[in-house]
Amino acid sequence: MRGGMIVALLIVLAMVCAGCKDRAEINDIAMVMASSIDLKDDGRYVGMIQVAVPARQIGNVSQGRNNYFIETGTGKNAQEVMEQLQGKLSRRLFISHRRVLLIGEKLARKGIKEIMDHFSRNPKTRLRTYVLVVKEQKGSEALKVDYPLEFFPTEAVREMEVLLGRTAVTLRDLLNTASGEGIEPVMGAIELVPGQQIGSEKSKNKLTFKLNHSAIFKNLKLVGYLNNYDSQLMLWVTGKLKRGVMTLQLPEHKGNVGVTLHSTSREIVPEVKGGKVSFTVHLKGTGTLDENNTHLDFSNPNYYYLVEDTLMRVVRKDTQKMIASVQKKYAADIFGFGDQLHKKNNKEWQKLKLKWDKKFAKAVVTVDVDFVLKRAGMSGPPVHLREQEIVK
Amino acid sequence: MKRYMKKWMKSSRIYKPIQELNLVSEPKMVMNHKLDVNREQLEKTFENCSDIVFQSLDLFGIQTLLVYVDGMVDKKLLEHELLQTVRDSESKCEAKSLLSLAEQLRHTLRVGQIRTADTFDDLVKGVLDGGVAIVLDGELSVLIVGLERLPSRSVEEPEAEPLIRGPREGFIEQVQTNIILLRKRLKTPRFKIESFTVGELTQTKVAVVYIDGIATDSVVQEVRERITRIEIDGVIESNYIEEFIEDMPFSPFPQVHTTERPDIVAANLLEGKIAILVDGSPAALIVPVTFWNLMLSAEDYYERFLIPTFIRYIRFGFILISLFLPSLYVAVASFHPEMIPTNLLLSIAGAREASPFPALAEALLMEITFEGLREAGVRLPRQVGSAVSIVGGLVIGQAAVQAGIVSAPMVIVVSITAIANFTIPRFNFAFSTRLLRFPLILLAGTLGLYGIGLGFVCILIHLNSLRSFGIPYFEPVAPLSIGGLKDILFRAPHWAMKLRPRLTGYNEPLRVPSGQRPGPNQSDETDKKEGQ
């Protein structure tokens, strides 16, 4: 009985002493859905946030008014930016639900090392926030874009990342690759392109998002971009490609075929001989034929082999070219070759790691591809062709 | 505070010397030879008891007095059987026989239970029990003929424990009938009934029933001891007994299984449990009980085993919901908005925007309103019952949301919790989860998820330290008995539940001999075996 009394007393004391300290009622928080950071000319940072307006959420949406609003703050560091923002808000800033963090090109070029600490130190940060670079624009410009399909414009960015499986880099990935040895971070990059939004009123000068490029970082400084096609190959080499699309020209059959890549994987075999590093990249994948603009009849398995051979040849060539250009132009090991060497041959890695950038730039990379075409859709030959036109 | 406690203790002591209220003064009065003296004494005892009938007769030329309670005695039997028989046999009895008249009468009468009472106390008791006392002049002992016919209702389906499939019989207020209902199901001499009388003024019959050989002797002895220990003026309902025999009176959890269904009692007796039937109450008490017993419905055993297995998981889930959902909502909404998926958070935020109260106040408000509503529904006369559902629908519903007093998610949470609570088959257990919900909501509103964890741990510790008549409350999960889980994790088919529960049925563990699993070729196989 006495023990029970003591327990009850402790619980009551805990409730009285510690209770309600961290209470953040839903009506008292400003839910940040997305934010951007930019660099001002005087070297200070500008942060912009997109805050959800709860009263205009699902069920209470009033026509013609946005269900979010935008606020900015400036400061010498992230905390100062946040403080300035907080000064303009009647509710407590709540960044746990931030899904997208946009970085302006200018800041990215200068380097994000000085500002990254805030995102990992703050316990409220969501590590699954997607980090993107806004190509040739300020990050704040992207936050101002109106996108009618989603509740929040930036939600569109997130959905695109998830749906398309492009260079989707979360804060966690970024922190991992930035601190990892023998690997340099990449990030998704969005472009703001003129859109054709007929549905909205002021459709002139409307911008919309386009998720297209991958941003290459070296030492947490933006050094260049890979275009969409090269990004796809880069992802295959890093083993992160979920879905890819290849268009293959078949000149001898006067046309092209479209192939969708599924379940891709890769294996990197490092080799060190007399201080010289070489890598063999085995790319594996399966896919389906989704479009056939030739006259070939795909009920004949020989044409499967033809498409497979073509794809393997093209991918081998393009990948080698892409890797070579990254080696030459940026000398940034975004593929994690060094990491692979570390894992598979630690002895050599320990000798090489201090001058890895140079070694990487000089490494010999050979690529071989193993691809299997699984299906060719519902019909063998194109259905709209006459019998005699079909190449059997 | 302390002073008040002392005062209260003192005042409660007044009721203690209960013996003073005894029916008859202490030294047992012996019957007198003379009828007039006895009659005088009886009339004095039953002074102002207008329901007592004194009927003078002249049997075999001897002054005779019949004493009985008007209405408790079957008048027809009294007239036609008792008196007629006595008159018919008048010629046979001889006044100057070696046997006393009382003895002779005893041999002639063919109705009812006949006892002889030698003391005044016994006489009074016999009369109040519904017997007819025949007091003969010149005799020291009195014949008491049991002709009682007590007012009672018929055997009906218990309203509080309805089933879709299963027997429709329920206990009634008369312990004799209840015992018959059990005897009907347990036709074995091993089904034992021990009677006790509890309550100084009510003299309530309490029957302890069990199956000899299956029930543990020490537990039966413990039940006997706990019942004989009770000193109380009256037992109106079986709860009066329940509160005296519990192991931990301050626990929110029931430690006795109460039911109005004879089939449930019979099934429990077969598992080695002991039931206590109390006269005047249709609710039987079953001991010992475990947490899991209280979560099971009788119907689990009356449907094919797959259905109850599925239903059981639904029930387990909903019991957790009933206990934790409002507190989880409060904790997450006021401490951990980051744990809600973003889109859901936005919906909740939109809905909560207009509500004036913090989540904690809102939850308490709604829960208390709902409890009030439920209590009103129970207490209301049936004719105005529909009024509650109409008004209740307004209070906990769209109107409250539209008025901006509560938020829609909270209404949903409270409704789901209420539905979840109704899935608990035992009412008294459902009540304990309702009771525990409030401290959990308070903990959630002050300490967040940490508070819920704290509360949950406290409940678990309490549940694991609780015992009912020596059986751990959480058995067979803690302490773990793999075989016992057959009836917890899923309801095994009847042919597979081969053993009785480990802690109550170990005297005779085998319930179903093995090898009875049905199948298409079963008869062939048994033929073969027999052939060999």
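**Close-up 1. B:Gly470 counts as partly exposed, with 14 C-beta neighbours inside 10 Å.** That puts B:Gly470 in the in-between class, because buried would take 20 or more such neighbours and exposed 12 or fewer. Like every view here, this one comes from a predicted model. Look for B:Gly470 in the loop between strand S11 (467–468) and strand S12 (471–472) of chain B. Leaving aside neighbours within four places in sequence, B:Gly470 is in contact with B:Val219 and B:Pro288. B:Val219 sits 251 residues away along the chain, yet its C-alpha atom is separated from that of B:Gly470 by 8.0 Å.

**Close-up 2. Helices H11 (residues 306–334) and H18 (residues 449–465) of chain B meet, with axes that come within 8 Å.** Their axes cross at roughly 155°, and since that is over 145°, H11(B) and H18(B) are roughly antiparallel to each other. On the H11(B) side, the contact is made by B:Phe324, B:Ser327, B:Leu328 and B:Ala331. H18(B) answers with B:Leu449, B:Gly451 and B:Ile452. By class, that gives 5 nonpolar and 2 polar residues, with no charged ones in the contact.

**Close-up 3. Four strands of chain A make an open sheet in the order S10-S11-S12-S13.** The pairing is mixed, and the twist averages 35° from one strand to the next. Strand S10 (244–250) and strand S13 (364–375) of chain A stand at the edges; each has a single partner strand, so one side of each goes without a neighbour in the sheet. Zoom in on strand S12 (residues 276–292) of chain A and S13(A), and you'll find the two paired in the parallel sense over 11 bridges. Try picking out A:Gly287, whose bridge partner in S13(A) is A:Leu373.

**Close-up 4. Helices H8 (residues 228–238) and H9 (residues 301–329) of chain A lie across strands of that sheet.** H8(A) lies across S10, strand S11 (255–273) and S12 of chain A, running at about 45° to S11(A). H9(A) lies across S10, S11, S12 and S13 of chain A, and runs at about 150° to S13(A).

**Close-up 5. Chains A and B touch through 26 residues from chain A and 21 residues from chain B.** On the chain A side, the elements that give two or more residues are helix H1 (2–18) and strand S1 (29–39). H1(A) gives the most to that side, with 4 residues. Sorted by class, the chain A side has 14 nonpolar, 7 polar and 5 charged residues.

Key:
Residues are numbered from 1 along each chain as its sequence is written. Chains are lettered from A and ligands numbered from 1 in the order in which they are written. This is a predicted model: local features need pLDDT of at least 70, side-chain atom pairs count only at pLDDT 80 or more; totals for chains, interfaces and linings use all residues. Two residues are in contact if their C-beta atoms, placed from the backbone, lie within 7 Å. Ala, Val, Leu, Ile, Met, Phe, Trp, Tyr, Cys and Pro count as nonpolar, Asp, Glu, Lys and Arg as charged, and the others, Gly among them, as polar. Axes are lines fitted to C-alpha atoms, for helices over the stretch in contact, and angles run from 0 to 180 degrees between N-to-C directions. Angles under 35 degrees count as roughly parallel, over 145 as roughly antiparallel, 65 to 115 as roughly perpendicular and the rest as oblique. Two strands pair if DSSP finds at least two bridges between them.
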